[in-house]
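I opened the file to look up the overall build of the chain first, and then one strand and its partners.

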Amino acid sequence: MSDNSQVLKISGERLEVEIARPGTFYSGSRFDWTGFITGVLLDGKHTFCAPESLIPGEGSGGFGFCNEFGIHTPIGYDEAKPGEKFHKIGTGLLTRPDESDYFFFDKYEVTPFPIKIDCASDQITFDVEPVECKSYAVHMTKTVCVNKNRMIIKYILKNVGFKTIHTEEYCHNFISIDNNPTCSDYVLKFPYSAEAEETPQVLTVKGNEITWNTQPQNDFYIVPGGFKPVENHTWELVHKPSGVGVREISNFPVQKMAVWGKGHVISPEVFIEVHIEPGQTQSWERIYEFFTI
């Protein structure tokens, strides 16, 4: 693998994974530049990664398995004056343009963090060097590895600044199994009731399952409410005609569960609270299993 290649690749017995080199495929201000996974291939034939939008230039540039820090709680934004910088973990120092509230969908000027990359055949490690801003600084190490039919993303964050880091992280999971559109062929399963306060008309919630009545013409969003007492949280998305699926296993306290999508993509999103005192470290991992029934 060339050090200058824009796509980094790892593989195992059943999986091939493509990861965009930071700042090439994606260079926006929303998502983490490290571990931006643009391709997952199971058994040489089943694909899972989809774009946020099928219309070029629309959306915020999401693709495949990409995560975001601080969608609701950007670090230091309220302390920054217009023209000053604030932290977006995994992305860089962003510039606050005016007095308006932070909005994740807006485009901010990015000064990217320095990133070191260590590559092996079955894993890639991204070492994000800390940059101090308003007494905040985070050293992040993220490793993406494969083992049989599993893709594992490991996070280690150390607070090397002088202020508490308090934000959230989730992986957006832009999924389309073998490019099949969102419709009644899919079922999304949880180990608890998927009932929500509001359910979009295109969805049916029955017990622990979400299904689709028709192909959505617009975005849909639902927040299943039964996750709070659950340990070792999981969700499982299956394309029923082919029996191909993916599940995510989260061995950490889940802050929130949400499902977003549209006519070509389904995105289950598991949130974790990030709270790190100065000098302390927080670590967690996301495990994805890709399978056929």
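Before looking at strand partners I noted the criterion: two strands pair if DSSP finds at least two bridges between them. I also noted that the model is predicted.

Entry 1, strand β21. I looked up the partners of β21, which spans residues 265-276. Strand β13 (residues 165-171) runs antiparallel to β21, and six bridges join them. In β21, E273 is the residue that stands opposite E168. I then turned to β20 (residues 256-262), which is also antiparallel to β21 and is joined to it by seven bridges. Here K256 stands opposite F271 of β21. The connection from β20 to β21 is a hairpin through two residues.

Entry 2, burial. How many of the twelve residues of β21 are buried? I found ten, so the strand is largely enclosed by the rest of the structure. For the whole chain of 293 residues, I noted 54% as buried.

Entry 3, the whole chain. I counted 22 strands and zero helices. I checked the radius of gyration against the globule rule: a compact globule of 293 residues would be near 19 Å, and the chain has 19 Å, which agrees. Along the principal axes, the C-alpha atoms fill a box of roughly 50 × 45 × 40 Å. I took the contacts between residues at least 6 apart in sequence and found that 62% of them join residues at least 24 apart.

Entry 4, surface and charge. The chain exposes about 12,900 Å², of which carbon and sulfur atoms supply 47%. I located the mean positions of the 26 positive and 39 negative charges and found them 2 Å apart.

Conventions: Residues numbered from 1 in each chain as written. Predicted model: local features only at pLDDT ≥ 70, side-chain atom pairs only at ≥ 80, totals over all residues. Heavy atoms only, no water. Helix = DSSP H or I, 4+ residues; strand = E, 2+ residues; numbered from the N terminus. Rg over C-alpha atoms; globule rule 2.2 N^0.38 Å. Buried < 20%, exposed > 50% of the residue type's maximum accessible area, 1.4 Å probe, protein only. Contact = heavy atoms within 4.5 Å. Areas by Shrake-Rupley, 256 points an atom, 1.4 Å probe, with all protein chains shown as cover. Lys, Arg positive; Asp, Glu negative; His and termini not counted. Charge placed at Lys NZ, Arg CZ, Asp CG, Glu CD.
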